[in-house]
Amino acid sequence: MNVASVQVEIKDDETKEQRIQRVESTLDTLEGYDLIVLPEIWATGYFSFDRYAEEAEPMDGPFVARFSAKAKALGVYLFAGSFIEKDGDELYNTSVMFDPQGRQIASYRKIHLFRYGSDEGKLLTRGEEITVVDTAFGKVGLATCYDLRFPELFRRQVDLGAELLLVTSAWPHRRLMHWNLFNQVRALENQCYLISSNCAGTTRGTLLGGHSQVVDPWGVVIASGGEQEAIVKAHIDLSQIAHIRETFPQLKHRVLR
Ligand SMILES: O=C(O)CCC(=O)C(=O)O
């Protein structure tokens with residue numbers, strides 16, 4: 001299975017529309033992939049809190065329609081990262097996933113809103129539902145950035161059958177060491193593949209961390225981005241999951257539930 005994580009640079013002098021067009025053009029260059037992953041609130045920019053209300057969209061708005069069309073045009077599973085979803089009076093940090101026919105097969109509203117140096121907790125409503133989605137290559141769990149610090153979310157995804165964990169992020173560079181550790185540990189402790197997509201660049205005075213990753217179920221980083229905009233590419237072999245879970249049956253040895 002060929003996977004790609006698009007590590008989008010967030011530039012403050014770019015509008016939402018300009019950034020969407022730029023990412024659409026990048027996606028058009030990706031041929032032969034089975035799954036593509038994008039970062040968190042990349043179109044508006046996670047740290048552009050003053051733009052959240054005006055740039056929020058309903059689930060049947062243009063962001064979802066455009067990336068549904070893009071998934072279909074490319075014939076790929078596309079985890080389009082998250083956007084600011086407006087539902088009635090509430091705003092959510094919602095990620096969306098499409099199948100190669102362009103059908104929206106999942107959405108996930110970020111459960112753990114970030115409240116440290118971030119207005120997210122004030123502006124948005126938290127999600128309440130864990131998302132694990134069926135795909136042609138198995139069950140996939142969806143998570144967003146700060147969620148990475150909460151192992152119980154991922155373990156519950158595994159209890160629902162997840163074998164591949166997708167994480168969309170706008171994680172700052174100043175806590176890059178935590179990011180690197182969590183990416184590896186969430187894959188290792190759950191014996192899953194993990195693919196993350198983080199933003200890069202400096203926005204509103206915050207340097208974003210980049211280092212989007214593909215981590216195997218043994219905890220080995222098999223591909224990683226650097227600090228700049230990048231496409232992180234890897235070939236993954238999902239049969240490794242069953243192999244590792246059988247030969248080193250840690251998940252079967254759980255005592256506490
Ligand atoms: O947990 C962290 O250090 C970063 C989290 C974050 O930036 C987010 O959830 O958007």
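Here are a few friendly notes on this predicted model, centred on one helix and the ligand surroundings.

1. A good place to begin is the annotated span. UniProt, in an unreviewed entry, lists residues 1–238 as "domain: CN hydrolase". In the model, the end C-alpha atoms of that span lie 8 Å apart. Helix makes up 24% of residues 1–238, and strand makes up 31%.

2. Next, have a look at helix α6, which runs over residues 176–190. With 15 residues at 1.5 Å a residue, α6 should span 21 Å, and its end C-alpha atoms are indeed 21 Å apart, so the two values agree.

3. Which residues of α6 are buried? They are W179, F182, N183, R186, A187 and N190. These residues cover an arc of only 115 degrees around the axis, and therefore sit on the same side of α6. On the face turned away from that buried side you will find the exposed residues M177 and L181.

4. You may wonder what covers the buried residues of α6. The cover includes one helix, α5 (151–159), together with the strands β8 (164–168), β9 (193–197) and β12 (213–215).

5. Do follow the chain past the end of the helix too. Q191, just after α6, takes a positive phi of about 50 degrees.

6. Finally, turn to the ligand. Around the ligand are Y46, F114, C145, Y146, R149, A170, W171, P172, R175 and H178. By character, this shell divides into seven nonpolar residues, two charged and one polar.

Note on methods:
Residues numbered from 1 in each chain as written. Predicted model: local features only at pLDDT ≥ 70, side-chain atom pairs only at ≥ 80, totals over all residues. UniProt positions renumbered as here; feature names shortened; annotations may be inferred. Helix = DSSP H or I, 4+ residues; strand = E, 2+ residues; numbered from the N terminus. Expected span 1.5 Å × (residues − 1). Buried ≥ 20, exposed ≤ 12 C-beta atoms within 10 Å, placed from the backbone. Arc of directions from axis to C-beta. Contact = placed C-beta atoms within 7 Å. Near = placed C-beta within 6 Å. Nonpolar A, V, L, I, M, F, W, Y, C, P; charged D, E, K, R; others polar.
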